[in-house]
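Open the model in a viewer and keep the selection panel at hand. The tour goes stop by stop, with something to select at each one.

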Amino acid sequence: MFAIIQTGGKQYKVSVGDTVKVEKLELEVGSKVNFEVLLTSDNGKIVAGNPVLKNVTCVAEVVAQGKGDKIVVYKYKPKKNYRRKQGHRQPFTQVKIVEIK
């Protein structure tokens, strides 16, 4: 069984026991969070919502908070002595899917 959940403007395909990195959620490590389910599949039977399924939720537990790898943003204009270098690390929340009910 798997489900398609939505959080942070993105969609993720998850199953029970999966660990997923999602956009940062302001939650403590060890707390539970419920996600909206857009679609479920169980033994080939697919049920899709419009836009979300009623009476179906995905329960996950927050495993860790962190930052992703550094991305370097470099701007320059040739022959004009213009250079700007900036780094960015996107924060994320790592969650483990406990159940889909």
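Is Glu61 buried or partly exposed? Select Glu61: this residue is partly exposed, at a relative accessible area of 30%. Bear in mind during the tour that the model is predicted.

**The first salt bridge**

Keep Glu61 selected and add Lys32. The two form a salt bridge, and their closest N and O atoms are 3.9 Å apart. Glu61 belongs to strand β6 (residues 57-67) and Lys32 to strand β4, so the pair ties together parts that lie 29 residues apart in sequence. With a cut-off of 4 Å between the side-chain nitrogen and the carboxyl oxygen, the 3.9 Å of this pair falls within the limit.

**The second salt bridge**

A search of the whole structure gives 2 salt bridges. Select Lys10 and Glu23 for the other pair, where the closest N and O atoms are 2.4 Å apart. Lys10 sits in strand β2 (residues 10-14) and Glu23 in strand β3; with their positions 13 residues apart, the pair links distant parts of the chain. Colour both by accessibility: Lys10 is partly exposed at 37%, and Glu23 is partly exposed with a relative accessible area of 23%.

**The whole chain**

Zoom out and switch to a cartoon. The chain has 9 strands and 0 helices, and reading along the sequence gives β-β-β-β-β-β-β-β-β. Turn the view along the principal axes: the C-alpha atoms fill a box of roughly 60 × 30 × 20 Å. The radius of gyration is 19 Å, whereas a compact globule of 101 residues would have one near 13 Å.

Next, show the surface. The chain exposes about 7300 Å², of which carbon and sulfur atoms supply 49%. Of the 101 residues in the chain, 25% are buried. Among contacts with a separation of 6 or more, 62% are between residues 24 or more positions apart.

**Two buried residues**

Which residues does Thr40 touch, leaving aside those up to four places away in sequence? Select Thr40 in strand β4 (residues 32-42) and display its surroundings. Its contacts are Phe2, Ala3, Lys45, Ile46, Val47, Leu53 and Val56. Thr40 has a relative accessible area of 10%, and because buried means under 20%, the residue counts as buried.

Move on to Leu25, which is placed in the loop between β3 (19-23) and β4. This loop residue is buried too, at 17% relative accessibility. Show the residues around Leu25: with those up to four places away in sequence left out, the side touched by Leu25 consists of Thr7, Val33, Phe35, Gln65 and Thr93.

**From Leu25 to a surface patch**

Draw a distance from the C-alpha of Leu25 to that of Val72. The two are 24 Å apart in space and 47 residues apart in sequence. Stay on Val72 and add Tyr74 and Tyr76: these three make a nonpolar surface patch of about 350 Å².

How accessible is Tyr74, the residue to select last? Tyr74 lies in strand β7 (residues 71-77). Its relative accessible area is 46%, and it is therefore partly exposed.

Key. Residues are numbered from 1 along each chain as its sequence is written. This is a predicted model: local features need pLDDT of at least 70, side-chain atom pairs count only at pLDDT 80 or more; totals for chains, interfaces and linings use all residues. Side-chain values use heavy atoms; hydrogens and water are left out. Helices (H or I, at least four residues) and strands (E, at least two) are DSSP runs, numbered from the N terminus. Buried means under 20% relative accessible area, exposed over 50%, partly exposed in between (1.4 Å probe, protein chains only). Contact means heavy atoms within 4.5 Å. Patches are made of residues with over 30% relative accessible area and no salt bridge: like charges are joined within 9 Å, nonpolar side chains (Val, Leu, Ile, Met, Phe, Trp, Tyr) within 5 Å. Accessible areas come from the Shrake-Rupley method with a 1.4 Å probe; for residues, only the protein chains shown count as cover. The radius of gyration is taken over C-alpha atoms; the globule rule is 2.2 Å times the number of residues to the power 0.38.
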